[in-house]
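Dear colleague,

I am passing on a structure that you have not worked with before, and I would be glad if you looked it over with the notes below beside you.

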Amino acid sequence: MMMYKGYFNSQIGIIRVEDNGERLISVSICENEESSNMSALTVKVINQLKEYLSGVRKIFDLPIEMNGTEFQLKVWSALCNIPYGETRSYKDIAEKIGNPKAVRAVGGANNKNRLMIIVPCHRVIGADGSLTGYAGGINVKKKLLELEQRG
């Protein structure tokens, strides 16, 4: 299957979007742009991300493909149920998926999320309210949470 990718410069850095023309595969922050070959879906994803980052969009309407273990899929599904503008702790997510002792494993699953922003792992914080690890960096996590607080 053909892979497509596109880039756009945003207030949180250069965002790379990858899809297979039917489903979104990856959203990440990267150092620099490479050549793009965009599908109609790539364009749709970029437009929805721009709307989100401008405070207009609160819910994404995109076909996504998540590949991971059964545990990771449960965690990612739970993340998708955290409402815009709200946060949950790693412990909250572990309890939500019926595995209250799996707090560290929830952190590990968050780290493997390939669809940043779309699957909102930035909404998961430490039990004490601290902003813990984020693939895009703590500053990006902080900016996303501030954006949602304003929304």
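**Pockets, strands and contacts**

Strand S3 and helix H4 each contribute at least two residues to the lining of the largest pocket. Please keep in mind throughout that this is a predicted model.

The largest pocket holds about 280 Å³ of space, and 19 residues line it, with Asn110, Asn111, Cys121, Tyr134 and Ala135 lying nearest its centre. Strand S3 gives the largest share of that lining, four residues, and by character the lining residues of this pocket divide into eight nonpolar, nine polar and two charged. The second largest pocket has about 220 Å³ of space, and of the 14 residues that line this second pocket, Lys58, Ile59, Phe60, Cys80 and Arg123 are the closest to its centre. Its lining is made up of 11 nonpolar residues, one polar and two charged.

Strand S3 deserves a further word, since it also appears in the pairing of strands. Six of the seven residues of S3, which covers residues 24-30, are buried, so this strand is largely enclosed by the rest of the structure. Strand S2, residues 13-19, pairs with S3 in the antiparallel sense over six bridges, and within this pairing Val17 stands opposite Val27 of S3. The two strands form a hairpin with four residues between them, and in the turn Gly21 has a positive phi of about 90°.

Turning to charged side chains, the structure holds seven salt bridges, and I describe three pairs here. Glu18 forms a salt bridge with Arg16, where the closest N and O atoms are 3.7 Å apart, and Glu18 counts as partly exposed because its relative accessible area is 21%, while buried would mean under 20%. Arg57 and Glu51 meet through their side chains in a salt bridge of 2.8 Å, N to O, and Glu51 is partly exposed at 30% relative accessibility. In the pair of Glu86 and Arg88, the closest N and O atoms of the salt bridge are 3.0 Å apart; Glu86 has a relative accessible area of 34% and is therefore partly exposed, and Arg88, with 27%, is likewise partly exposed.

Two single residues may help you to find your way around the model. Is Gln48 buried or exposed? Gln48 lies in helix H1, residues 40-53, and this residue is buried, with a relative accessible area of 5%. If its neighbours within four places in sequence are left aside, Gln48 is in contact with Arg57, Phe60, Asp61 and Leu62. Arg57 is the residue already met in the salt bridge with Glu51, and Phe60 is among the residues closest to the centre of the second largest pocket.

Asn99, by contrast, is found in the loop between helix H3 (90-96) and helix H4 (103-111), and is partly exposed, with a relative accessible area of 34%. Which residues does Asn99 touch, once its neighbours within four places in sequence are left aside? Asn99 is then in contact with Phe71 and Ala94. Phe71 stands 28 residues away from Asn99 in sequence, and the two are 9.7 Å apart in space, C-alpha to C-alpha.

With kind regards

Notes
Residues are numbered from 1 along each chain as its sequence is written. This is a predicted model: local features need pLDDT of at least 70, side-chain atom pairs count only at pLDDT 80 or more; totals for chains, interfaces and linings use all residues. Side-chain values use heavy atoms; hydrogens and water are left out. Buried means under 20% relative accessible area, exposed over 50%, partly exposed in between (1.4 Å probe, protein chains only). Contact means heavy atoms within 4.5 Å. Two strands pair if DSSP finds at least two bridges between them. A salt bridge is a side-chain nitrogen of Lys or Arg within 4 Å of a carboxyl oxygen of Asp or Glu. On a 1 Å grid over the protein atoms alone, a cavity is a set of points where a 1.4 Å probe fits but cannot get out, and a pocket is an open set with protein on both sides within 12 Å along at least five of seven lines; lining residues have an atom within 4 Å of a point. Grid points are joined across faces, edges and corners, and a volume is the space filled by probe spheres set on the points. Ala, Val, Leu, Ile, Met, Phe, Trp, Tyr, Cys and Pro count as nonpolar, Asp, Glu, Lys and Arg as charged, and the others, Gly among them, as polar.
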